[in-house]
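Colleague: Please pick one part of this model and take me through it slowly, then show me how it fits with the rest. I'm new to this, so spell out the terms as you go.

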Amino acid sequence: MALMLVKFDLKKRVKLAQTVWFMYWFAVMAGVLVFSMGLFFKIELRKRSELMDNNESHFLPNLLIFMGLVTCGINAFGGKVCYDSLDPTKFAKWKPMLKTFLVFCVGFNALLIVTALLCFLMRIPLQFTLAEGLRNGMRYYKDTDTPGRCYMKRTLDLMQMEFRCCGNDNYRDWFEIQWVSNRYLDFSAKEVKDRIGSNVDGQYLMDGVPFSCCNPSSPRPCIQYQMTNNTAHYSYDHYTEELNVWKRGCRDALLSYYGGMMNTIGALVVLVTMLEVAVTIGLQYVNSSLSTLANPEDPESESEGWILEKTVKETFTDIMAKMKAMGKGSKVEEGGEAAVATES
C-alpha cells in the first residue's frame, strides 16, 4: 500500500507541476537568503576575529554559504524538471536521474537540519572562544608599539563603545592587568614605583579603566581612575555610588549579539528546510504521477501519485535488505580476490 496515495488527472498534474515549479523558484530565493546570511555572519565574525581564540568559529558561516549555494543549485534544477514535466518528450530525459536526485534531496534536507542545530548550539563553544580571546586582547591593549598587536587598543575601545560594555566579565577585569604602556609611565615617580613593586609580576596595576568604558549618559564626569578610592573624589562612595562606567562585560554583550544572530539564522534555516521538504514531496508526486499513467500514450489519462510506493515499514525493510545484500556482495568479492591471490 503506497504512502499518501493521491489520484491525478491531467488538470491536477498540470496544477501540481506549476505549483511545485513556483515553490522551487521561491526556494532558490531562500537559498540566496541563506547564502547572504552566512556571508554577513562571516563578515561580522571577521570584524572581531582578533578577539576570538580560534578560527573554528568560521566553520558555521562557511557551512551556511555552502548550503546556500547548493540550495540555489538543486532548486534551480528541480524547477527546470517541473517545468519540463508539462511536456512528456522533455520530461523523458530527466526521468532516469530523478530517483537519484530525490535521494540526494532527502540527504540534503537532513544536512539542513544539522546546520540549523549547529546554529542554535554554536553559542556554547563561542562563549569559551570569546572568554579566552577577550582575555588575551586585554593583555595586549597596552602593546601599541608592538607589531601585530598595535591595533588591539583601537579594536577594544571601539568594541566597548559600540556594545556598551567593559572588560571581559565586568569592569574590574581591567584592575587585574597592566593596560597602560610603559612608554607613558614615569618610572622615576614614587607612585609608579610603588604600584610596580606591589605585585610579583612587576606590572603597573591600578583601579582604573580605559576611557571607552565611560557611560556618556551619566550626569557626572567620568570617574575612570581611582575608582575604589572614596577620598579621591568629592561626594563619592564606590560601594553605593552608581558608577558611570558600563557594568556589563563584553563577553556577555558579544555573546548576546552573536547568539541572537545565530538564533535568527537557525530559525531561517528551519523554515528553508520545511520548504525543501515540501518541494521534495511535490517533485516525488510529479514523478510518481507521470510514471503511473493508465495509458502512457495518452497524456490525459488518470494516474496515481505517492510519497512512498510502500509503507514506511516496508520501505525501511527493503533498504536494510539492500544494504545487507551489498555488504555480502563486497565480502564475496574480497574472498574471490584473496583466493586468486593465493593461487597465483
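**A close look at helix α4**

Modeller: Let's start with the buried residues of α4: Leu-98, Phe-101, Leu-102, Cys-105, Phe-108, Asn-109, Leu-112, Thr-115, Ala-116 and Cys-119. "Buried" means under 20% relative accessible area, "exposed" means over 50%, and "partly exposed" is in between (1.4 Å probe, protein chains only). This is a predicted model, where local features need pLDDT of at least 70 and side-chain atom pairs count only at pLDDT 80 or more, while totals for chains, interfaces and linings use all residues. Residues are numbered from 1 along each chain as its sequence is written, and side-chain values use heavy atoms, leaving out hydrogens and water.

When you scan that list, remember that an α-helix has 3.6 residues a turn, so residues three or four places apart point the same way.

How long is α4? It covers residues 95-121, and its end C-alpha atoms lie 40 Å apart, which agrees with the 39 Å that its 27 residues should span at 1.5 Å a residue. (The expected span is 1.5 Å times one less than the number of residues.)

And what sits against it? The buried residues of α4 pack against α1 (10-47), α2 (59-84), α3 (88-91) and α8 (250-291); contact here means heavy atoms within 4.5 Å.

Now zoom out. The chain has 9 helices and 2 strands, which are DSSP runs numbered from the N terminus: H or I with at least four residues for helices, E with at least two for strands. Of its 344 residues, 41% count as buried.

α4 also feeds the largest nonpolar core, that is, a set of buried Ala, Val, Leu, Ile, Met, Phe, Trp, Tyr and Cys residues joined through side-chain atoms within 4.5 Å. Of the 77 residues in this core, the ones touching the most other members are Phe-41, Leu-156, Met-159, Trp-174, Val-209, Met-227 and Tyr-258. The elements giving two or more residues to it are α1, α2, α4, α5 (123-139), α6 (152-163), α7 and α8. The biggest giver is α8, with 17 residues. As background, nonpolar side chains tend to be buried together in soluble globular proteins.

Take Val-209 as one example: beyond its neighbours within four places in sequence, Val-209 is in contact with Cys-166, Tyr-171, Trp-174, Phe-175, Trp-179, Gln-224, Met-227 and Val-245.

For contrast, look at Lys-7 in strand β1 (residues 6-8). Lys-7 counts as exposed because its relative accessibility is 54%.
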